[in-house]
Amino acid sequence: RVLVLEMVRVTEAAAIAAAKLIGRGDEKAADAAAVEAMRTAFNTLYMDGTIVIGEGERDEAPMLYIGEKVGSAPGKGPKIDIAVDPLEGTTITAKAGPNALAVLAIAEEGCLLNAPDVYMDKLAVGPGYSPNIVNFDNSIRQNVEAVAKEKGCTAADVMVCVLDRPRHEAMIAELRALGCGVALIRDDQPRHQCRHLYGQRRRARGRAGGRGAALRRRPVQGPVAVPQRRRAQARGEMGGRGSRPRL
């Protein structure tokens with residue numbers, strides 16, 4: 001079988017194992033189940049695999065650790081580098097929320113970064129800004145003020161999205177001291193709820209008017225032509241007495 005298709009079965013095994021612990025309130029047990037199922041599935045494949053992005057060095061917790069060898073053909077099968085997260089969303093699983101994932105990536109040996117077990121800073125801004133408007137060489141204040149200046153508003157009109165973690169408490173406090181709104185991303189918050197939150201923010205600013213009204217707004221398109229037949233269907237004018245509107 002194609003090795004890539006076999007990898008789908010590996011993530012499937014992890015997902016099924018973790019699913020048995022949905023809503024049980026035990027994050028570690030759900031993670032351990034996914035890890036062991038993924039390891040077992042890996043070891044049925046004809047390959048010489050190495051975990052290059054995993055969950056750190058081996059310790060007391062069950063994990064696929066960086067440097068671990070997997071596969072049934074060490075020294076014989078194709079050499080594969082693997083990045084894994086057997087259960088992304090342990091809290092979501094424990095609380096019976098949606099959108100937890102079992103995920104992995106593979107490449108030929110030497111084609112994936114052998115990343116150390118560290119957190120990485122990430123910085124992003126929406127489309128339509130000048131190049132390099134935000135960067136890691138700037139302070140938080142400088143980045144916020146640069147975005148506000150380009151939008152023609154104040155720092156108090158800027159909404160910043162930050163992952164809700166204890167390590168970010170100082171950053172969140174600094175942003176709020178600048179007057180910014182801070183939208184916190186929780187690890188148990190479904191993505192569609194995040195989009196709904198940001199959509200409310202855009203609509204609220206659009207109604208408020210003033211300088212802040214331009215923040216996070218998109219150009220509104222004019223009327224769109226609708227074919228006559230489609231209009232008739234929508235009004236329920238086609239298909240006789242029993243027809244229903246078809247939108």
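## Starting at helix α1

In which helix is the place of Val-4? Val-4 sits in helix α1. Keep in mind as you look around that this is a predicted model.

Val-4 counts as exposed because its relative accessibility is 52%, and the cut-off for exposed is over 50%. Val-4 also helps to make a nonpolar surface patch of about 360 Å², together with Val-2, Leu-5 and Val-8.

## The nonpolar cores

Now let's turn to the interior. The largest nonpolar core has 20 residues, and those touching the most other members are Val-10, Met-38, Phe-42, Met-47, Ile-82 and Val-84. Two or more residues come from each of α1 (3-19), α2 (27-42) and β3 (79-88). Helix α2 gives the largest share of this core, with 6 residues.

Val-84 is a handy residue to click on. Leaving aside residues up to four places away in sequence, Val-84 touches Met-38, Phe-42, Ile-51, Ile-53, Gly-54, Leu-64, Val-103 and Leu-104. There is also a second, separate core of 11 residues, with Val-158, Val-162, Cys-180 and Val-182 among them.

## Arg-141 and its contacts

For a look at another helix, try Arg-141, which is found in α4 (residues 140-151). Arg-141 counts as partly exposed because its relative accessibility is 43%, a value that falls between the 20% and 50% limits.

Which residues does Arg-141 touch, not counting those up to four places away in sequence? They are Glu-174 and Leu-178. In the same part of the chain you can find Leu-175: Arg-141 and Leu-175 are 34 residues apart in sequence, with 7.7 Å from C-alpha to C-alpha in space.

Methods:
Residues numbered from 1 in each chain as written. Predicted model: local features only at pLDDT ≥ 70, side-chain atom pairs only at ≥ 80, totals over all residues. Heavy atoms only, no water. Core = buried A, V, L, I, M, F, W, Y, C linked by side-chain atoms within 4.5 Å. Buried < 20%, exposed > 50% of the residue type's maximum accessible area, 1.4 Å probe, protein only. Helix = DSSP H or I, 4+ residues; strand = E, 2+ residues; numbered from the N terminus. Contact = heavy atoms within 4.5 Å. Patch = residues over 30% accessible without salt bridge, like charges linked within 9 Å, V, L, I, M, F, W, Y side chains within 5 Å. Areas by Shrake-Rupley, 256 points an atom, 1.4 Å probe, with all protein chains shown as cover. Salt bridge = Lys/Arg side-chain N within 4 Å of Asp/Glu carboxyl O.
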